[in-house]
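The following exercises are to be worked through with the sequence and the model at hand. Each task is followed by a solution in steps.

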Amino acid sequence: MSTPLVRTGDLGRIVATYVTSVLALALAAAVLPGFRFSSFPQLLASAAAALLVGALVRPLLVAASAAIGWLAVLLLAVLGQAVILAVALSLIPGVEADSFWVVLAAAWIAAAATTIVAWLCTSGTPEAFTAALVRRTRRRRATVDAPEAPGVIFVQLDGVPFPVLRWQVLAATLPTVGRWIRDGGYRLVEWTPVLPPTTPASQLGILHGRIDGVPAFRWYDRALGRVLVANRAADAAEIERRASDGRGLLADGGVSISNLFSGDAERSVLTMSKLELSRGSADTRRRVAWYLARPDGFAGSLFGAVAEIGRERFEARRQRRRDVQPRGHRGWLFAGMRAVTNVVLRDLNTALVAEEMIRGTRVVYVDYVDYDEVAHHAGALRPESLAALDRLDHVLACLEAVAKAAPRPYRLVILSDHGQSQGAIFADRYGVDLAAVCSQLTAARVEAVEQPVEGWGRLNGLLADLSGGDTGRGRVAHDAAVRVQRRSAPPTVTSGSELVVLGSGNLGLVYAAEEHRLTMEEITDRWPALIPGLVNHDGITFVAVMSTEHGPLVVGPSGVHRLADSKVTGDDPLAPFGPLIPADLLRAVSMAEAPDLYVNSSVDHDTGEVSAFEGLVGSHGGLGGWQGRALLLAPPDLEIPDQPIRGADELHRVLVGYLEQHGQRSGISRDTADV
């Protein structure tokens with residue numbers, strides 16, 4: 001049966017778009033003195049001309065701006081609608097517009113009115129965005145090899161704990177996920193990211209099968225003599241270089257979107273380890289240009305971002321008014337960051353994944369950071385965090401709709417990289433931060449690296465991959481990316497610093513600023529009060545350290561656990577964490593990159609609350625609470641081992657097996673690879 005050129009639904013959308021365009025132009029004429037229509041028929045003709053010219057001119061503008069560079073893409077976003085409207089009005093005699101700037105204002109008023117009307121007509125849901133992606137998929141559907149072979153889309157819901165998703169499914173607030181489980185045979189299972197439960201360690205394990213070499217989100221690299229931060233482009237590239245063997249999860253023609261690491265993908269978009277500030281991606285600019293050129297694209301994201309800022313300021317004020325505890329500072333800076341990650345980046349990621357489905361790409365891995373970003377500042381179980389999860393459920397519905405129109409069948413695999421724990425910030429609860437505690441106990445010169453940086457890295461990644469290169473056309477995005485990178489960069493370890501103290505959630509890392517790792521005996525000789533003072537602090541549960549005589553040790557206020565043989569003297573500081581944690585700590589403390597001291601904050605084992613050494617209410621990185629409880633939402637044909645999945649490297653093997661089950665990775669040897 002042939003597919004009709006124009007469907008009934010398409011006719012309805014054309015009529016609705018035309019009526020909205022008429023109303024929008026009428027509003028612009030009413031509020032702008034230099035913009036007038038002499039008659040109602042002239043208004044109707046102008047709206048029709050605007051739609052026709054837009055359909056003809058917009059593809060040309062997209063192609064030209066993507067070829068020229070990022071500055072052209074930016075100009076397209078700002079001026080493109082005005083150019084289309086100016087050309088359309090020139091075709092209608094008698095329309096009065098005093099200048100191009102009046103036309104520009106009219107175009108933006110029309111875009112705003114169109115966005116508001118579309119939002120009202122869809123009750124605030126992303127249905128219009130989904131419909132646009134589906135229509136684009138049908139129009140540009142490619143011919144692919146082996147169209148019956150399923151593709152796989154891995155969707156990472158960053159930081160979502162298994163209990164939170166399960167509760168939300170039971171509460172029926174996630175209709176898409178709930179339907180998949182009830183009617184589609186999907187299984188929701190828990191997997192355990194081992195210490196440290198943080199994005200770089202887990203994502204490196206999921207994408208590259210390696211979990212060693214990453215002691216935290218950021219750490220002091222003794223060989224380089226500086227702090228490595230996983231969401232800085234150069235550092236992410238170095239971390240991936242050390243771990244990659246060329247056989248990552250995406251090695252067989254896969255695509256990485258908005259991740260820290262590439263998984264050895266053939267193509268990477270907005271992926272930190274593959275960013276080069278001096279060269280932007282023309283392919284990325286082309287895709288972004290298509291999105292910006294749509295009336296509901298750039299304008300929709302812009303007004304959505306403004307709404308998100310207003311929502312964040314209202315929710316932050318509500319927390320203060322109700323004296324919600326624990327509570328952290330939520331200023332305008334975070335509001336802007338949230339608008340980028342939870343509106344612009346989310347919509348862009350969805351459009352990019354849809355583009356790959358149009359191409360028939362066989363495997364994609366994409367990271368959505370919406371929940372993680374909000375939960376860090378609001379709390380893991382707060383209403384605004386759960387609302388972000390609800391909006392991600394809409395994203396899954398969108399990807400499901402696009403998959404139905406794609407040139408090959410697709411399986412959607414949903415997972416999180418870690419969970420999230422909640423609690424009062426260490427410095428707020430005890431009146432002093434970890435660096436100050438170490439300084440008081442040692443009288444040493446301490447370099448503190450404890451400010452949150454995750455969101456800055458995501459913004460930097462977006463700007464850097466859209467920068468346009470050395471020609472000067474991408475200077476705006478390039479310069480902005482450089483400024484963001486400087487803002488998010490950790491302080492250089494200055495000459496004369498004796499200790500470097502870093503916060504990674506509720507896990508603290510203490511390094512002596514030297515080329516070799518200090519043992520417990522050396523630390524005791526140099527700073528005899530440091531270890532006893534830390535383990536007896538009310539805000540600290542234990543300290544992990546390497547001993548010359550006993551090997552890796554965990555020291556608590558009233559006992560010591562020797563990790564090599566599980567010998568315990570006094571009260572076991574690890575007893576509340578379960579029987580599997582000693583093996584995790586043994587691996588972590590034995591890493592060459594491990595700090596001289598691992599410091600885990602206090603944990604309320606009744607509530608699961610921890611105390612982050614960063615300025616975050618929701619955190620992950622250490623032990624305690626739900627941060628070590630991640631999720632896997634698996635299609636019915638994904639084989640899950642009988643034993644619990646423990647470690648991102650084990651999850652990597654499960655996912656690789658799933659790709660092999662669907663005929664992928666046939667050209668990749670299990671033993672050797674061309675790296």
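**Exercise 1. Determine which elements the buried residues of helix α6 pack against.**

Step 1. Helix α6 covers residues 162-170, and its buried residues are Phe-162, Pro-163, Val-164, Leu-165, Gln-168 and Val-169. Buried means under 20% relative accessible area, exposed means over 50%, and partly exposed lies in between (1.4 Å probe, protein chains only). Helices (H or I, at least four residues) and strands (E, at least two) are DSSP runs, numbered from the N terminus.

Step 2. The buried residues of α6 pack against the helices α7 (175-183), α13 (370-378) and α14 (383-405), and against the strands β4 (187-192) and β23 (630-634). Contact here means heavy atoms within 4.5 Å.

Step 3. After α6 comes Ala-172, which has a positive phi near 60°.

The structure is a predicted model, in which local features need pLDDT of at least 70 and side-chain atom pairs count only at pLDDT 80 or more, while totals for chains, interfaces and linings use all residues. Residues are numbered from 1 along each chain as its sequence is written, and side-chain values use heavy atoms, with hydrogens and water left out.

**Exercise 2. State how many residues of helix α8 are buried, and describe the surroundings of Gln-203.**

Step 1. Helix α8 spans residues 199-208, and 10 of its 10 residues are buried. Among them are Thr-199, Ser-202, Leu-204 and His-208.

Step 2. Gln-203 belongs to this helix. Gln-203 counts as buried because its relative accessibility is 0%.

Step 3. With neighbours within four places in sequence set aside, the contacts of Gln-203 are Gln-156, His-208, Asn-259, Leu-260, Phe-261, Tyr-365 and Asp-367.

Step 4. The residue that follows α8 is Gly-209, with a positive phi near 75°.

**Exercise 3. Find the partners of Asp-596, Asp-565 and Arg-646 in salt bridges.**

Step 1. Apply the criterion: a side-chain nitrogen of Lys or Arg within 4 Å of a carboxyl oxygen of Asp or Glu. By this rule, the structure has 31 salt bridges.

Step 2. Asp-596 pairs with Arg-222, with the closest N and O atoms 3.1 Å apart. The two residues are 374 residues apart: Asp-596 is in the loop between α21 (581-590) and β19 (597-601), and Arg-222 is in the loop between β5 (218-221) and β6 (226-229). Both Asp-596 and Arg-222 are buried.

Step 3. Asp-565 pairs with Arg-562 at 2.6 Å between the closest N and O atoms. Asp-565 is partly exposed because its relative accessibility is 43%.

Step 4. Arg-646 pairs with Asp-584, the closest N and O atoms being 2.4 Å apart. Arg-646 lies in strand β24 (residues 645-646) and Asp-584 in helix α21, so this salt bridge ties together parts that are 62 residues apart in sequence. Arg-646 is partly exposed at a relative accessible area of 28%, whereas Asp-584 is buried at 10%.

Step 5. One network, joined by salt bridges that share partners, holds Glu-308, Arg-311, Glu-312, Glu-315, Arg-318, Arg-330, Arg-338, Glu-384 and Arg-391.

**Exercise 4. Establish how many disulfides the structure contains, and whether Cys-398 and Cys-438 are buried or exposed.**

Step 1. A disulfide is a covalent bond between the sulfur atoms of two cysteines. The search criterion is a pair of cysteine sulfur atoms within 2.5 Å.

Step 2. The search of the whole structure yields 0 disulfides.

Step 3. Cys-398 is buried, since its relative accessibility is 3%. Cys-438 is likewise buried, at a relative accessible area of 0%.

**Exercise 5. Describe the protein chain in overall terms, and identify where pLDDT stays under 50.**

Step 1. The protein chain has 22 helices and 24 strands. Of its 675 residues, 57% are buried.

Step 2. Among contacts between residues at least 6 apart in sequence, 74% join residues at least 24 apart.

Step 3. The mean pLDDT of the protein chain is 83, and 77% of its residues reach 70 or more; pLDDT is the predictor's confidence in each residue, from 0 to 100.

Step 4. Residues 1-9 have pLDDT under 50 throughout, with 2 contacts beyond four places in sequence in the model. Residues 468-484 also stay under 50, and the model has 34 such contacts beyond four places in sequence for them.
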